Amino acid sequence: MDIADSIKINPATSTSAQSEVRRDIRHFLTETLAAMPPRAVRSWGEYSAEFSSRLGKAGWIGMTWPKRYGGRGRPMLERFVVLEELLAAGAPVSAHWVAERQCGPLLMRYATPALCEAILPGIARGEVFFCIGLSEPDSGSDLASIRTRADKVDGGWLINGAKIWTSLAAKAHFMSALVRTTPGLENRHAGLSQFVVDMRSEGLTVRTIKNMLGSDSFAEVVFDNVFVPDDNLLGQAGMGWEQVTAELTFERSGPDRYLSSISLLTEMLDHANAEDRHHTVELGRLVAELSNLRAMSRGIGHMLSEGKDPRLATSNVKDLGALLEQRTPEIAHQLFGTELRVAGSSLVRTQSHLTQAAVAFSVRGGTREILRGIVAKGLGLR
Ligand SMILES: Cc1cc2nc3c(=O)[nH]c(=O)nc-3n(C[C@H](O)[C@H](O)[C@H](O)COP(=O)(O)OP(=O)(O)OC[C@H]3O[C@@H](n4cnc5c(N)ncnc54)[C@H](O)[C@@H]3O)c2cc1C
């Protein structure tokens, strides 16, 4: 079965169990967000350890995971509903987001039971956060060229090198790091391994980097003889490339890849003039495209829950999602140019934030060109 069949089986309508989940999470969000200080812009990219902890305590993090790891064993598409509602509300979820989206599933697949028991319940409670250590100063798109290495020592490994553009490294408890364990192999994809690294390890330095929004969420992470115990190796040494490319499926297919600008769409709908054809056509087109992306993303959720490999489809969702999201602030400018001159309104603040933030949407998690290369390869074109 491919994505088209999955979409047919899973139309973008919800089952009654999913509708119930939607009602419950909306209720939670209304109450919880109202009790928190007001924010200038509603965006899931904001960090709030307090919000993550409340969300986790209420059982909304890791809800598909087994109970022994703090989860509730719920179906993948119920989690999808929760993600949609969190993103639509612009909830500040970035503290726990990657831990739940990809590190938890990675651990469940490859970590020892002891490591899973030590880490996963904390993620599900919304108290343990991860960062992802892939990119390096000279290796971004060409990930197979990474040079950070781990050398075997008694009882573990010593890591030396540097990662860069590591989101939220300064606030994370752990990193899932891809490093080279066998250097000098002709096949650059061989000899890579994944480790869970404790961010408090001796020899590990985090240097934050400011982005153009003024946030210091990025960091360079330098490893100087950082010791990692054997138990923190994920899967088998040398299998890191296969593991990490499968992990990227989780990063590229979810609703965060097309709902990062949803707050601007809702602002536009609030200000829209139903008598103006330009407004109805442009906003109608945005909603229609979003609805297609949603159907594709739900289809991928279904494929994942059936253990299928949706690599090509995820590359399409991320690419099309980024295109849509980068067009959204431009459309806001075309439709509401006059209103946007009224400084201080929530439409202006949201448009201004997304104009700057959206630039990164086609870079994070793999650039547009790299994703299109994956699709071309899958179609046998290269
Ligand atoms: C918001 C954000 C968050 C991020 N968070 C993380 C994180 O948490 N952890 C992490 O490890 N990394 C993170 N990154 C880094 C991100 O993964 C890299 O920036 C990205 O993979 C590109 O690598 P690069 O910056 O080295 O650019 P380069 O690889 O140097 O690419 C530069 C340009 O060349 C193009 N290009 C490169 N190779 C090819 C090719 N073969 N064919 C065609 N065109 C090509 C690219 O598409 C791009 O346009 C983040 C980036 C952003 C923007």
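Here is a walk through this structure, from the whole chain down to a few single residues.

First, a word on what you're looking at: this is a predicted model, where local features need pLDDT of at least 70, side-chain atom pairs count only at pLDDT 80 or more, and totals for chains, interfaces and linings use all residues. Residues are numbered from 1 along each chain as its sequence is written.

Let's start with the whole protein chain, which has 12 helices and 8 strands; these are DSSP runs numbered from the N terminus, with helices (H or I) of at least four residues and strands (E) of at least two. Its radius of gyration is 21 Å, close to the 21 Å that the globule rule gives for 382 residues, so the chain is as compact as a globular protein of that length. (That radius is taken over C-alpha atoms, and the rule is 2.2 Å times the number of residues to the power 0.38.) Of the 382 residues, 44% are buried, meaning that 20 or more other C-beta atoms, placed from the backbone, lie within 10 Å of the residue's own.

The chain splits into domain 1 (3-128), domain 2 (132-237) and domain 3 (254-378), with bounds that come from an automatic or database domain assignment. The C-alpha centres of domains 2 and 3 are 31 Å apart.

So where does the ligand sit with respect to domain 2 and domain 3? Both domains give residues to the shell around the ligand, so it lies between them. That shell holds 18 residues, and the closest are Leu 134, Gly 140, Ser 141, Thr 367 and Glu 369. (To count as near, a residue's C-beta atom, placed from the backbone, must lie within 6 Å.) Strand S1 (130-133) and helix H12 (368-378) each supply at least two of the shell's residues.

Now look at helix H8 (residues 262-271), where Ile 262, Ser 263, Leu 264, Leu 265, Glu 267 and Met 268 are buried. Their cover includes helices H4 (76-88), H9 (277-305), H10 (311-340) and H11 (346-357).

Finally, the strands. S2 (residues 149-153) and S3 (residues 156-163) run antiparallel, joined by 5 bridges; two strands pair if DSSP finds at least two bridges between them. Their hairpin has 2 residues between the strands, and Gly 155 takes a positive phi near 80° there. S3 is also joined to strand S7 (residues 218-229), again antiparallel, by 7 bridges. Trp 157 is worth finding: it is the bridge partner of Lys 152, and it stands opposite Val 228 in S7.

Terms used: Buried ≥ 20, exposed ≤ 12 C-beta atoms within 10 Å, placed from the backbone. Contact = placed C-beta atoms within 7 Å.
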